[in-house]
Amino acid sequence: MSKLTFYTFGLSVWAAAAELAIAELGYPEDAIETKVVNLVEGANFSPEFVKINPHATLPTLVADGKTYTNTKDVISYLIAHAPKKVTKGTAFIDKVHEDKIDPNAPLLLARNEDELKEHKAGFALLFLQNRQNSLEKYSVLPEAAALKEFYDGKKAFNGGILAIYKGEVPEDAKQQFFKQASALWQNIVSFILEELPAVLPESGFLGGETPGEDDFHVEAWLARVTFLAGGKPEKDGYKALEKETKQPLPAKVVAYWTAWAERASFKKVYENGLH
């Protein structure tokens, strides 16, 4: 197997899923070349990277002359070629990646005026503006000419959210934005309270005594939504989610979080905080 090239970024929820996998699977330090793509600066929108991954997303993996451009395929490859064998994934991975519980969206969506004001004063506005600036910069480069459809779509989508932040849309559009955010959080809470405990074991992981393929996806998702609720990478970090669930988390979810929080892989990936 040739050396792998892994594209990642420290604040990416799904790159963290692949990083958890790498840490658990026993890859030697020199087996993977890591390249950082700064999402905050919009570096993923450079024509150079878009030609590697047409979705401009992370994680991305180049291995044996082939490029893997989504989280599921990246982790599947890592598991198939790893020194350490773990339990293969199930259809639950697809459920974790459903748009209705997208862990990225709450970073930018707001449920009301107070949340929108908070976002405007913090990371979200900076992130949106940086993305728009990068899209505008890269889209006019000669090498971006063949990618016009990609850039036009991204500029329109990102610019639409940015317009809400800047108060440049009608009131009904803003209210619809709030409703979208509220529905998303309702789905996330339902997933935590109902769907997740329905599949989790009483102790350990979905993959057994040690994490398996499903677990890398689930824990990255859970870490992100815990971060959004103000949680930290600690054994009781999950308690921050009770602000959203309005009740204690199910015992299985608590046991699952605690099991992960004790692992070296979790401590390594979230050394500087949840994300």
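Two strands pair if DSSP finds at least two bridges between them. In this predicted model, Thr5 has Glu33 in strand 2 as its bridge partner. The points below start from the sheet that holds this bridge, then turn to the helices, the aromatic rings and one serine.

**The sheet**

- Four strands form an open sheet in the order 2-1-3-4, and their pairing is mixed.
- Strand 2 (32-36) and strand 4 (66-68) are at the edges; each has a single partner strand, so one side of each lacks a neighbour in the sheet.
- On average, neighbouring strands of this sheet are turned by 20° against each other, with direction ignored.
- Strand 1 (residues 4-8) and strand 2 run parallel and are joined by five bridges.
- One of the bridge partners in strand 2 is Thr34, which is matched with Phe6.

**Strand 1 and its surroundings**

- How many of the five residues of strand 1 are buried? Five of the five are, so strand 1 is largely enclosed by the rest of the structure.
- Both faces of strand 1 are covered. Leu4, Phe6 and Thr8 are buried on one side, and Thr5 and Tyr7 are buried on the other.

**Helices on the sheet**

- Helix 1 (residues 13-25) packs on the sheet and touches strand 1 and strand 2. The direction of helix 1 makes about 140° with that of strand 1.
- Helix 3 (residues 71-80) lies across strand 1, strand 2, strand 3 (60-63) and strand 4. Helix 3 runs at about 45° to strand 3.

**Helix 3 against helix 9**

- Helix 3 also packs with helix 9 (residues 213-228), at an angle of about 140° and with the axes 10 Å apart.
- That angle makes helix 3 oblique to helix 9.
- The crossing of helix 3 past helix 9 is right-handed.
- Which residues of the two helices meet? Thr71, Lys72, Ile75, Ser76 and Ile79 in helix 3 meet Glu213, Phe216 and His217 in helix 9.

**Aromatic rings**

- A pair of aromatic rings is described by the distance of the centres and the angle of the planes.
- There are 13 aromatic pairs in the structure.
- One of these pairs is Tyr68 with Tyr77: the ring centres are 4.9 Å apart and the planes stand at 40°, so the pair is tilted.
- Tyr68 is buried, with a relative accessible area of 15%. Tyr77 also counts as buried, at 4% relative accessibility.
- Why is the pair of Phe92 and Phe191 stacked? The ring centres are 5.8 Å apart and the planes are at 15°, so the pair counts as stacked; the cut-off is planes under 30 degrees apart.
- Phe92 lies in helix 4 (residues 92-96) and Phe191 in helix 8 (residues 171-199), so the pair ties together parts that are 99 residues apart in sequence.
- Phe92 and Phe191 are both buried.
- Phe205, Phe216, Tyr256 and Trp260 are linked into a cluster by ring pairs. Phe216 is also one of the helix 9 residues that meet helix 3.

**Ser182**

- Ser182 is placed in helix 8, the helix that also holds Phe191.
- Ser182 has a relative accessible area of 25%, so it is partly exposed.
- How far apart in space are Ser182 and Glu168? From C-alpha to C-alpha they are 21 Å apart, with their positions 14 residues apart in sequence numbering.

Notes
Residues are numbered from 1 along each chain as its sequence is written. This is a predicted model: local features need pLDDT of at least 70, side-chain atom pairs count only at pLDDT 80 or more; totals for chains, interfaces and linings use all residues. Side-chain values use heavy atoms; hydrogens and water are left out. Axes are lines fitted to C-alpha atoms, for helices over the stretch in contact, and angles run from 0 to 180 degrees between N-to-C directions. Contact means heavy atoms within 4.5 Å. Rings of Phe, Tyr and Trp (its six-membered ring) pair if their centres lie within 6.5 Å; planes under 30 degrees apart count as stacked, over 60 as edge-to-face and the rest as tilted. Buried means under 20% relative accessible area, exposed over 50%, partly exposed in between (1.4 Å probe, protein chains only). Angles under 35 degrees count as roughly parallel, over 145 as roughly antiparallel, 65 to 115 as roughly perpendicular and the rest as oblique. A crossing is left-handed if the near helix is turned anticlockwise from the far one by less than a right angle, and right-handed if clockwise.
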